[in-house]
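Subject: Model for you to look at

Hi,

Here is the model I promised. Please open it alongside these notes.

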Amino acid sequence: MSEKKLAIIATKGTLDWAYPPFILASTAAALGYEVEIFFTFYGLQLLKKDMNLQVSPLGNPGMPMPMAMDKWFPVLGTAIPGMQSVMTMMMKSKMKSKGVASVEELRELCLEAEVKMVGCQMTVDLFDFTHDNFIDGVEYGGAATFFEFAGEADITLYI
Amino acid sequence: MADFDQELDASGLNCPLPILRAKKTLAGMDTDQVLRIVATDPGSVKDFEAFSKQTGNELMDSGEEGGKFVFRIKKG
């Protein structure tokens, strides 16, 4: 069986959007794919040593709210100070109770499975990050670096 | 004699953990050895079929026991 390749661009840095790249990458690796994830813009948050990712109900009408909170606080309610940390806490405890892995655990599984992680150097500079902010084992490059792998990939996803 | 060589309890774990744990356990086994997996994630039924098809490990059987999903996979 020749090795298939999966290329992912991860562009989002919220708790909910951290899942798709790490779930797909770790699973593909388990299925025998060679995987590379290119982290750009807010996606760089997923490479931070301490991720501290949040989820926000603001501007997200599709997000189920506990205790029918969306009915009591329509739209504006989601902008109440503190709502983001409350929802993040609730989401994390819900995930734990349902046996969903933490983002940290999934990232660790990706690293174990030798998923290659590439940080976009342009956005690292743009946000004044340094490589020290990120976990070990990350490579840095630009669009051309991405295409070097994606050009050979069987599947490419933009998340 | 047990009809499997190793067992993995993936109860309470959700996608994609049962698959990832199974893959890891299989990696430490020999060809033709059988891994029995117990899971509670209903999605794992379809996922283990797909896993087997794509990895060349044979899904020998798949069923339910006491409200849990049980699989036997032979390492290919």
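Below are the conventions, then the findings.

This is a predicted model: local features need pLDDT of at least 70, side-chain atom pairs count only at pLDDT 80 or more, and totals for chains, interfaces and linings use all residues. Residues are numbered from 1 along each chain as its sequence is written, while chains are lettered from A and ligands numbered from 1 in the order in which they are written.

**Helix H2 of chain B**

Helices (H or I, at least four residues) and strands (E, at least two) are DSSP runs, numbered from the N terminus. H2(B) covers residues 44-55. At 1.5 Å a residue its 12 residues should span 16 Å, and the end C-alpha atoms are indeed 16 Å apart. The expected span is 1.5 Å times one less than the number of residues.

Ser44(B), Phe48(B) and Phe51(B) are buried in this helix. Seen down the axis of H2(B), the buried residues fall within an arc of 60 degrees, so they line one face. That arc is taken from the directions from the helix axis to the C-beta atoms. Lys46(B) and Lys53(B), on the other side, are exposed. Buried means 20 or more other C-beta atoms within 10 Å of the residue's own, exposed means 12 or fewer, and partly exposed lies in between; C-beta atoms are placed from the backbone.

The buried residues of H2(B) pack against H1 (17-27), E2 (34-39), E3 (58-65) and E4 (68-74) of chain B. Contact here means C-beta atoms, placed from the backbone, within 7 Å. Just after the helix, Gly56(B) has a positive phi of about 80 degrees.

**Strands of chain B**

E4(B) alternates along its length. Phe69(B), Phe71(B) and Ile73(B) point to one face and are buried. Lys68(B), Val70(B), Arg72(B) and Lys74(B) point to the other and are not.

E4(B) pairs antiparallel with E2(B) over six bridges, and with E3(B) over seven, again antiparallel. Strands count as paired if DSSP finds at least two bridges between them. Ile37(B) stands opposite Phe71(B). Asp61(B) has Arg72(B) as its bridge partner. E3(B) and E4(B) form a hairpin with two residues between them, and Gly66(B) in the turn has a positive phi of about 55 degrees.

**Contact and core**

Each side supplies residues to the contact: 12 from chain A and 12 from chain B. On the chain A side, H1 (residues 15-30) gives the largest share, four residues.

The largest nonpolar core has 56 residues. A nonpolar core is a set of buried Ala, Val, Leu, Ile, Met, Phe, Trp, Tyr and Cys residues joined through C-beta atoms within 7 Å. Among those touching the most other members are Ala29(A), Val35(A) and Ile37(B). H1(A) gives the largest share of this core, nine residues. Leaving aside neighbours within four places in sequence, Ala29(A) is in contact with Val35(A), Cys110(A), Ala113(A), Glu114(A) and Val115(A).

**Backbone points to check**

- The peptide bond from Cys15(B) to Pro16(B) is cis, with omega near 5 degrees. Pro16(B) lies in the loop between E1 (6-10) and H1 of chain B.
- Asp128(A) is not a glycine, yet has a positive phi of about 55 degrees. With 7 C-beta neighbours inside 10 Å, Asp128(A) counts as exposed.
- Asp32(B) has a positive phi near 75 degrees. Asp32(B) sits in the loop between H1 and E2 of chain B.

Best wishes

Definitions and conventions: Two residues are in contact if their C-beta atoms, placed from the backbone, lie within 7 Å.
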